[in-house]
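Colleague: Got a minute? I'd like to go through this model with you.

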Amino acid sequence: MKVNRETKRLYVGGLSQNISEADLQNQFSRFGEVSDVEIITRKDDQGNPQKVFAYINISVAEADLKKCMSVLNKTKWKGGTLQIQLAKESFLHRMVIQRISQRTSSSVLTVNVKQRRHRLRSRAIQERKG
């Protein structure tokens with residue numbers, strides 16, 4: 001039986017400052033195939049790290065995703081308490097998807113208009129011949 005895997009983007013909060021991409025890769029690869037890890041450190045006005053979190057892209061089956069969330073969420077790991085949830089779609093990602101869909105719909109519209117023109121032109125030629 002083939003397992004249906006989807007790529008999901010996870011938000012992982014509550015990380016300690018000394019966490020690495022390899023640490024996260026190893027921790028989450030137990031549940032699926034990790035394709036990308038992005039660690040973000042927010043700093044205060046003096047440049048001191050305040051908040052460390054990550055986004056992880058993982059190709060995972062729905063059952064494994066639920067298992068990952070239930071096993072790892074709110075657990076203590078490497079000096080932090082993990083907070084895991086599905087990431088909200090980023091503004092930039094939404095913009096890209098919107099632009100692609102607009103291009104696709106406008107090209108379909110252009111094709112439909114051209115086909116209609118061709119049919120009308122063909123009909124007019126037939127009527128002149130007829």
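Colleague: Let's start with Asn57. Which residues does Asn57 touch, not counting residues up to four places away in sequence?

Modeller: Leaving out anything up to four places away in sequence, Asn57 touches Lys8, Arg9, Glu33, Val34, Ser35 and Asp36. Keep in mind that this is a predicted model.

Colleague: OK. Where is Asn57 found?

Modeller: Asn57 sits in strand 3, which covers residues 49-61.

Colleague: And does Asn57 count as buried or exposed?

Modeller: Asn57 counts as buried, because its relative accessibility is 17% and the cut-off for buried is under 20%.

Colleague: Now the sheet. What order do the strands have?

Modeller: The order is 2-3-1-6, in an open sheet of four strands with antiparallel pairing. Strand 2 (33-43) and strand 6 (83-86) are the edge strands, each pairing on one side only. From one strand to the next, the twist averages 20°.

Colleague: How many bridges are there between strand 2 and strand 3?

Modeller: Ten bridges, with strand 2 and strand 3 pairing in the antiparallel sense. Along that pairing, Ile40 stands opposite Phe53 in strand 3, and Arg42 has Lys51 of strand 3 as its bridge partner.

Colleague: What about the hairpin of strand 2 and strand 3, how many residues lie between the strands?

Modeller: Five residues, and in that hairpin Gly47 takes a positive phi near 90°.

Colleague: Then the other neighbour. How many bridges join strand 1 to strand 3?

Modeller: Eight, and strand 1 and strand 3 run antiparallel. For a residue pair to look at, Tyr11 stands opposite Tyr55 in strand 3.

Colleague: Switching to helices. Which strands does helix 1 lie across?

Modeller: Helix 1 (residues 21-28) lies across strand 1 (5-13), strand 2, strand 3 and strand 6, and runs at about 135° to strand 2. Helix 2 (residues 62-72) also packs on the sheet, where it touches strand 1, strand 3 and strand 6. The direction of helix 2 makes about 150° with that of strand 3.

Colleague: I was also looking at Gln27. What does Gln27 touch, not counting residues up to four places away in sequence?

Modeller: Leu72 and Trp77, with residues up to four places away in sequence left out. Gln27 has its place in helix 1.

Colleague: Why is Gln27 buried?

Modeller: Gln27 is buried because its relative accessible area is 13%, and anything under 20% goes in that class.

Colleague: Next, Gly79. Where does Gly79 lie?

Modeller: Gly79 lies in the loop between strand 4 (76-77) and strand 5 (80-81). With 81% relative accessibility, Gly79 counts as exposed.

Colleague: And how far is Gly79 from Leu15, C-alpha to C-alpha?

Modeller: Their C-alpha atoms are separated by 7.4 Å, and Gly79 and Leu15 are 64 residues apart along the chain.

Colleague: Let's zoom out. How many helices and strands does the protein have?

Modeller: Three helices and six strands. From the N terminus on, the elements run β-α-β-β-α-β-β-β-α.

Colleague: What share of the residues is buried?

Modeller: Buried residues make up 25% of the 130 residues. The accessible surface comes to about 9,900 Å², and 49% of that belongs to carbon and sulfur atoms.

Colleague: One last thing, on contacts with a separation of 6 or more: what share comes from residues 24 or more positions apart?

Modeller: Residues 24 or more positions apart account for 65% of those contacts.

Methods
Residues numbered from 1 in each chain as written. Predicted model: local features only at pLDDT ≥ 70, side-chain atom pairs only at ≥ 80, totals over all residues. Heavy atoms only, no water. Helix = DSSP H or I, 4+ residues; strand = E, 2+ residues; numbered from the N terminus. Buried < 20%, exposed > 50% of the residue type's maximum accessible area, 1.4 Å probe, protein only. Contact = heavy atoms within 4.5 Å. Pairing = 2+ DSSP bridges. Axes fitted to C-alpha atoms, helices over the stretch in contact; angles between N-to-C directions. Areas by Shrake-Rupley, 256 points an atom, 1.4 Å probe, with all protein chains shown as cover.
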